[in-house]
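Subject: Structure for your review

Dear colleague,

Please find below the structure that I am handing over to you. My findings follow directly after it.

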Amino acid sequence: MDTIVRKFTDIIIETANLSISLKTYKNIKKSVPWWNKECQDTIKNYKKSLNRYKKLNPSLITFSLKKNKAIARFIIKKSKTLFWKNFTSSIKHKVPSNIIWNKINSIRGNKFNTIPDILLYNQEKITSSQNASEAFTNYFHKKE
């Protein structure tokens, strides 16, 4: 009985290692679909003026800093609005709700990872739970 449990555990672990890649997470910034080159350039200009403001005489550079900050906010807001309009106009009545919610979460910057439901048995991919249970039954039935 103990060897059957050990073999079953080994099969599950081996299958998981083959189908699910191990990832190490670093401090990754949230990626959002509305972010574009224009947003990146305006933020870059704002950060340059902020660094100049910190290094040089602040009274001379205050106006350009405020101007660049306002431009950056405007560009980002415009990009978000344009993306949202395009997204809402692309939604049809037959779109599944999970696709809509995945897109909304990506707009917020929340990442979602789908775990693949793949099991390999005799070099064949098994995706349904019925076929998976039959594969486990066949495997352990042959071993006894």
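I begin with one residue: apart from its neighbours within four places in sequence, I43 is in contact with W35, A72 and I76. I43 belongs to helix α2. Its C-alpha lies 8.0 Å from that of K69, although I43 and K69 are 26 residues apart in sequence. Please note that the model is a predicted one.

Overall architecture

The chain contains five helices and two strands. Read from the N terminus, the order of its elements is α-α-α-α-β-β-α. Of its 144 residues, 19% count as buried. Among contacts between residues at least 6 apart in sequence, 57% join residues at least 24 apart.

Helix α2

Helix α2 covers residues 37-55, 19 residues in total, and the distance from its first C-alpha to its last is 27 Å, close to the 27 Å expected at 1.5 Å a residue. Its buried residues include C39, T42, I43, Y46 and S49. Why do they lie on the same side of α2? They cover an arc of only 125° around the axis, and therefore share one side of the helix. As a general point, an α-helix has 3.6 residues a turn, so residues three or four places apart point the same way. The face turned away from this buried side carries K37, K44 and K55, which are exposed. Helix α3 (58-90) is among the elements that cover the buried residues of α2. At the start of α2, a side-chain oxygen of N36 comes to within 3.2 Å of the backbone nitrogen of E38.

Helix α3

Helix α3 has 33 residues, which should span 48 Å at 1.5 Å a residue; the end C-alpha atoms are 47 Å apart, in agreement with that value. The buried residues of α3 are I61, L65, N68, A72, I75, I76, S79, F83 and F87. They pack against α2 and α4. Two of the residues listed here, A72 and I76, are also contacts of I43.

Two residues of α3 deserve separate mention. The first is S79, which lies in this helix. Is S79 buried or exposed? S79 has a relative accessible area of 9% and is therefore buried, the cut-off being under 20%. Its side chain and that of N36 are joined by a polar contact of 3.5 Å. Leaving aside neighbours within four places in sequence, S79 is in contact with W34, N36 and C39. N36 thus appears twice in this account: with S79 through the side-chain contact, and with E38 at the start of α2.

The second is F63, also located in α3. With a relative accessible area of 67%, F63 is exposed, since the cut-off for that class is over 50%. F63 and Y53 are separated by 10 residues in sequence and by 10.0 Å in space, C-alpha to C-alpha.

Packing of α3 and α4

Two packed helices are described by the angle between their axes and the distance between the axes. For α3 and helix α4 (residues 97-108), the angle is about 175° and the axes are 12 Å apart. The two helices are therefore roughly antiparallel to each other, as angles over 145 degrees are counted in that class. Which residues meet where α3 and α4 pack? From α3 these are F83, W84 and F87, and from α4 they are I100, K103, I104 and I107. Of the α3 residues named, F83 and F87 are listed as buried.

Kind regards

Note on methods:
Residues numbered from 1 in each chain as written. Predicted model: local features only at pLDDT ≥ 70, side-chain atom pairs only at ≥ 80, totals over all residues. Heavy atoms only, no water. Helix = DSSP H or I, 4+ residues; strand = E, 2+ residues; numbered from the N terminus. Expected span 1.5 Å × (residues − 1). Buried < 20%, exposed > 50% of the residue type's maximum accessible area, 1.4 Å probe, protein only. Arc of directions from axis to C-beta. Contact = heavy atoms within 4.5 Å. Polar contact = N/O pair within 3.5 Å; in protein donor to acceptor, adjacent residues only side chain to side chain. Axes fitted to C-alpha atoms, helices over the stretch in contact; angles between N-to-C directions. Parallel < 35°, antiparallel > 145°, perpendicular 65-115°, else oblique.
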